[in-house]
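User: I'd like a close look at a single part of this model, one strand and its surroundings. Could you walk me through it in one go?

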Amino acid sequence: MKKGLSFVFMLLLVGCNDKYIIEEVGFLHSLGLDVEKGSDMDEYLVTGVIPQIAPDAKNNRELLTSVSSSDKEALLDLARQSNRDVANGQLRNVLFGKELAEEGIQENIRTMNRDPKFGTRVQVVVVNGQANDLLSQPYTQHPEASQYIDALLEKEARLNNIPETRMHQFTRDLYDDGIDPVTPILRRGEDTVVLDGIALFDNAKYVEKIDPKSSRIFFFLLGNYSSGSLHLELGKGEDDKTIQLLFDSIQNTREMTITNVDETEKMKIDIQVSIKGSLVEYNGPLDITKQKDLRTLETELENRVENRARHLLSVLQAQGVDSIGVGKRVRNSLSYEDWESLNWKETFQNIEINPHVEAEIINIGIFS
Amino acid sequence: MNNGLGAIHPIQLFFLTYMMQTSVAIFILPRSISEAFGTNSWIMLIVLSGIVMVNIFLFQLVYKKGDGMSVFEIMNVTLPRMITFPIYIVFAVSWSISASLILKEYIYIIQLVAFPTTSFIYLLSVLIIVVLFFMQYPIYKMIRAAGVLFGLASVTIILTVFIWPDFSIDRLTPFIFKGTNVSFDWLTIIDQYRPFLGFELCLFLFPYVTKDSHLFRSFYLGNAFTTFIYVYTVVLCLGFYSFDQLQHIIYPTLHFFSFIEFPFLIRIENLVYSIFLVKALVTAVFYYWISKQAIQQIIKRESKFWLPLCIIAFSVFITYPFTTKQELELSLRFAGRFHSVLIFILPLLLLLLLYIQKKVRK
């Protein structure tokens, strides 16, 4: 009897609260945040992209924009423009306009982390230009811009052309004292979205970008990765044609050696990079079927990569951004007190960092 | 002695220990222990687990010296009712309040993550009905059910494998107990003892186990397993998050599940907190059961339905004002402190009573 009563009571408690009917919810897929220069104060220009599911709708997406002094308020304002409940639970990418990124996005990142609905897998991206401009284009070949961007970023991250910087990784590196965060940077092409390289952040402020051509070099310095390719131009050949080299299916390892860690002025860091891969394209004078010539080409490759790595490091040092996490290794070689008293940003700018590259061509394809 | 109810297998007790100890506290453990002890705080978990082992050893001494007499029997024989009754009331009140707080903490989390506008009391009622159903059965059946629920809860451990690719040993840093502003004192240690609580159930199981149940061995092993899971979780979080980031995340363990993604499933944390329901439930059920045992010493009447219902209603009434995160955390902290001290003093007191009994008999 009592069990029966409890059972009936339990049935009565089967709730209908906090329910979401999928047709009535607009899942925000992409969110663009820009700074809008106001007359007396700067405001946020927020752009939201929601995939359209109404069968009679002409567009594949619902594009909403709003201007407000707070990004959260703008989100509420976006919801007021849609006939559906706007939900953040399926948000895939947050795009920050370059201007806003330069001013710093710490507060936005903090707010997004606080809201449990955002999740940790949202891609953090910088747009070279305005996020609104990028999202509002009617890409004829890819009508659903948000999914297009999402797939583009995922593919490029898989090929190690850009780092995977979801909300988790960005926040993690933002709060880590031994590394600075990075994100992919996109720009608008002609009826396309183009990957424009890697955005470097000093804390939460965007300072510089790495050219997409040097992205793979950045990964050589960042850690151990496999997949991706590298294109090099090795000067002019005999017929005045540029010698092209394409190194593909790269596997790289990185090792860091720190000397004189206790003396800030004399501290020296050697980054040993080892790269292995397939030679897919080469149109130079060397006969790559011969071991000796192949070794010469390997040396050439090592020198080229080393020079570009050195240039990349000089950019990072000039900006004072430790995007490759040298600080983490230095921190782990020091005592806690020494690390706390060290001004790492300043030290990083002034220490000697030398890349050493060792290249190995595993194969030259199946036709010689 | 098993009161003719049925045998309890050691593996069931092993599962029970794990289910009792790990409840929603594991969601906040990596942050709370890092805030308290700083970098590489997982080392402290091993020390705390050692204290738990000593605590279980004290229970074992009570069992040996008292020839398997229950806690209540030992007290009833030596102490007058005037003293035992208030002690039993303290037992009943403290454990029922803890049970209620654990349920409320769980509801707080699911409200935060999934049901923000559903009424608190509504969700609590659903849980209470399940607790009541659970308590209709004899203890050995409850223990078996806890064993089955362990199977469900262990899924979450397997899921953590998908976090490994984003783990970096560099983030653990070589520093030991650095980067914290919390002073290293007794209260800090007692507060961090809370996630281990739950093993005290062992003390109340004396009349229900046989020699073959290997009560203490199961609890030692169960606690060792809990410690392993705790150390694993904290180390995983320290390598997954940066140290400063970890201190900002309210529920780091729940948070990292949201990072796992399958082609057919995203936002796995929603699955995880649902599974954690069984852990919160098992802990609450057995805490209420201890309360019921204590009250039954006073009223001497067996009641399967009304007595548990009254205890639950009382505990919900007492804890009713605690609803915000701060209030819940504070009340849980005080309940935890009280319990930690109580379960250390209790076996000592019982040993003293057994010693007096022996002297008197001589």
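Analyst: Here is a walk around strand S8 of chain A, starting from the strand itself and moving outwards.

Keep in mind that this is a predicted model. Strand S8 of chain A covers residues 182–188, and it's mostly covered: five of its seven residues are buried.

Now for its partners. On one side there's strand S7 of chain A, residues 123–127, which pairs with S8(A) in the parallel sense over two bridges. If you want a spot to look at there, take Val126(A), whose bridge partner in S8(A) is Ile185(A). Strand S9 of chain A, residues 193–202, pairs with S8(A) too, but in the antiparallel sense and over six bridges. Along that pairing, Val182(A) stands opposite Leu200(A), while Leu186(A) has Leu195(A) as its bridge partner.

S8(A) and S9(A) make a hairpin with four residues between the strands. Have a look at Asp191(A) in that hairpin: its phi is positive, near 60 degrees.

Zooming out, S8(A) belongs to an open sheet of eight strands in chain A, and the order is S4-S3-S2-S6-S7-S8-S9-S10, with mixed pairing. The edges are strand S4 (61–68) and strand S10 (205–210) of chain A, each of which pairs on one side only. From one strand to the next, the twist averages 30 degrees.

Over at the S4 end, helix H2 of chain A (residues 71–81) lies across strand S2 (30–36), strand S3 (43–51) and S4, and it runs at about 135 degrees to S4(A).

What about the packing? The largest nonpolar core has 109 residues, and Val131(B), Ala284(B), Val285(B) and Tyr288(B) are the ones that touch the most other members. Helix H14 of chain B (residues 269–299) gives this core its largest share, 16 residues. Apart from that core lies another one of 74 residues, and its members include Ala199(A) and Phe201(A), along with Ile105(A) and Phe170(A). Ala199(A) and Phe201(A) bring us back to S9(A), given that the strand takes in residues 193–202.

Last, the other chain. In chain A, 23 residues are in contact with 29 residues of chain B. Helix H1 (2–12), helix H7 (167–175) and helix H10 (326–333) of chain A are the elements giving two or more residues to that side of chain A. The residues on this side of chain A split into six nonpolar, eight polar and nine charged.

Notes:
Residues numbered from 1 in each chain as written. Chains lettered and ligands numbered in written order. Predicted model: local features only at pLDDT ≥ 70, side-chain atom pairs only at ≥ 80, totals over all residues. Pairing = 2+ DSSP bridges. Axes fitted to C-alpha atoms, helices over the stretch in contact; angles between N-to-C directions. Contact = placed C-beta atoms within 7 Å. Nonpolar A, V, L, I, M, F, W, Y, C, P; charged D, E, K, R; others polar. Core = buried A, V, L, I, M, F, W, Y, C linked by C-beta atoms within 7 Å. Buried ≥ 20, exposed ≤ 12 C-beta atoms within 10 Å, placed from the backbone.
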